[in-house]
Structures are given as structure tokens and as C-alpha cells.
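Biologist: I am new to this model and would like a close look at one part. Please take it slowly, then set that part in its wider setting.

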Amino acid sequence: MKSLPLLSQVSAAEYMGYTQHTLLKDADQMSMAFSLEIREPFFDHDLVEFVLAVPDKWKDPVFPKSLLVESVKSLLPDEVVYRKKQGFLFPWEIWLKHDLHAFCDKHIRNICKRPFIKAEPLQAYWQSFLRGSKQTRWPEIWLFVVLDYWLEKNHVD
């Protein structure tokens, strides 16, 4: 990896870490959950080797993904080329209220039976979440669901 240009070393490290262990894993799990077959076109072996060998002077970003955009600019409309970067969030709040509702409800009820949990506030928080209160957040609900699932799966009383 040290033989690569500096920016390529950064790209390789990012690929080996966050991209591979988080982005690709999440994309794989979420696509399988909905029976979708997806491909990451920019991870073609030959393309990756080529781009990693490109000298840094061509990679100094004038704007996000400028090397990619400049290479296909003539094929894309200006509104795509020059739009602001957009993130993507998984709809966990919707999933917990709909597709995962029975699973979550079961585990919230189960964990409320455990002696180290204050059942009434947790049940109230769960109900508040289901009613759409902006004061309740899905990650806090999900932590209790996953904790109970883990305790159950590992036979912890």
C-alpha cells in the first residue's frame, strides 16, 4: 500500500475499514432483507486498481467526487453533476412502528419483566414512540429491544 500515491493510500484505508465493514455490509443486509440484488459498480477490481494508480495531482478534489464526475460529465445532466451531496438514512423509525413492530413489542414487554428495568417508564416511552412523539427516539427503543433479544438468545435470566 505504501507504493500507492498518498490520496490512494487514504482511499485504500477507507475501503478496507469503513466502506468494507460498514457501508458494504449495510447495503448487503438491507438489500437481502428486501430480496434485492444490488451491485456496487465502482468496486470492480480492474477499476479500483486503475484509480488507485492515478497520480494525486489528478485527484485533488475541486468538488466532491470530481475525478468521477469529470470522467463521465458529458453523459450526465448539469443538475446531477452540480447538485449538493445527499445522504441516505435507513427508515428505522418506520420499521420499528410497522415491519418490526411485533418483534419490538415482544422484546419491550419481555425486558419490562426483568428486575433491573423500570417497566412503567419504558412502556410509557414505547407507547410515546408509537404515537409519534418527537421526544422519543428510535435508537433508544432499539437498544432495549436488542438487549432483550441478546439476553433471550443467550439464556440470561
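Biologist: Take His155: is this residue buried or exposed, and what is its relative accessible area?

Modeller: One caution first: this is a predicted model. His155 is exposed, with a relative accessible area of 71%. The cut-off for that word is over 50%, so His155 qualifies. The residue sits in the segment after helix 8. Its backbone deserves a look too. His155 is not a glycine, yet its phi is positive, at about 55°.

There is a second case to set beside it. Ser35 also has a positive phi without being a glycine, and the value is near 55°. Ser35 belongs to the loop between helix 1 (6-33) and helix 2 (45-53). With a relative accessibility of 70%, Ser35 counts as exposed. A glycine can be added to the list. Gly132, just after helix 7, has a positive phi of about 90°.

Now step back to the whole chain. The protein chain has eight helices and zero strands. In sequence order the pattern reads α-α-α-α-α-α-α-α. The radius of gyration is 22 Å, whereas the globule rule gives 15 Å for 157 residues, so the chain is more spread out than a compact globule. Along its principal axes, the C-alpha trace spans about 60 × 35 × 30 Å. Of the 157 residues, 20% count as buried. Look next at the contacts with a separation of 6 or more. Residues 24 or more positions apart account for 56% of them.

Go back to helix 8, which comes before the His155 segment. Helix 8 covers residues 138-153, and Glu152 lies in it. The side chain of Glu152 meets that of Lys106 in a salt bridge, at 3.5 Å from N to O. Lys106 is in helix 6 (residues 101-112), so this pair ties together parts that are 46 residues apart in sequence. Glu152 is partly exposed, at 35% relative accessibility. Lys106 is partly exposed as well, with a relative accessible area of 34%.

Another salt bridge also reaches helix 8. Arg114 and Asp148 meet through their side chains at 3.2 Å, N to O. This pair links distant parts of the chain: Asp148 is in helix 8, Arg114 is in the loop between helix 6 and helix 7 (119-130), and the two are 34 residues apart. Both Arg114 and Asp148 are buried. Why do such pairs form at all? Side chains of opposite charge can pair when their charged atoms come close.

The whole structure holds six salt bridges. Another of them joins Asp26 and Lys25, at 3.0 Å from N to O. Asp26 is partly exposed, at a relative accessible area of 21%. Lys25 is partly exposed too, and its value is 39%.

Helix 8 has a nonpolar side to its story. The largest nonpolar core has 14 residues, and those with the most contacts inside it are Leu96, Ile108, Leu122, Trp126 and Ile141. Helix 5 (92-97), helix 6, helix 7 and helix 8 each give two or more residues to this core. Helix 6 gives the most, with four residues. The general background is brief. In soluble globular proteins, nonpolar side chains tend to be buried together.

Trp126 makes a good place to look into that core. Setting aside neighbours within four places in sequence, Trp126 is in contact with Leu96, His101, Cys104, Asp105, Ile108 and Ile141. Trp126 is one of the buried residues of helix 7, along with Leu122, Ser128 and Phe129. Seen down the helix axis, the buried residues fall within an arc of 160°, so they line one face of helix 7. Helix geometry gives a useful background here. An α-helix has 3.6 residues a turn, so residues three or four places apart point the same way.

What covers the buried residues of helix 7? The cover includes helix 5, helix 6 and helix 8. The length of helix 7 can be checked as well. At 1.5 Å a residue, its 12 residues should span 16 Å, and the end C-alpha atoms are 16 Å apart, which agrees.

To return to the starting point: His155 is exposed, in the segment after helix 8. Helix 8 itself gives residues to the largest nonpolar core.

How values were computed. Residues are numbered from 1 along each chain as its sequence is written. This is a predicted model: local features need pLDDT of at least 70, side-chain atom pairs count only at pLDDT 80 or more; totals for chains, interfaces and linings use all residues. Side-chain values use heavy atoms; hydrogens and water are left out. A salt bridge is a side-chain nitrogen of Lys or Arg within 4 Å of a carboxyl oxygen of Asp or Glu. Buried means under 20% relative accessible area, exposed over 50%, partly exposed in between (1.4 Å probe, protein chains only). A nonpolar core is a set of buried Ala, Val, Leu, Ile, Met, Phe, Trp, Tyr and Cys residues joined through side-chain atoms within 4.5 Å. Contact means heavy atoms within 4.5 Å. The expected span of a helix is 1.5 Å times one less than its number of residues. The arc is that of the directions from the helix axis to the C-beta atoms. The radius of gyration is taken over C-alpha atoms; the globule rule is 2.2 Å times the number of residues to the power 0.38.
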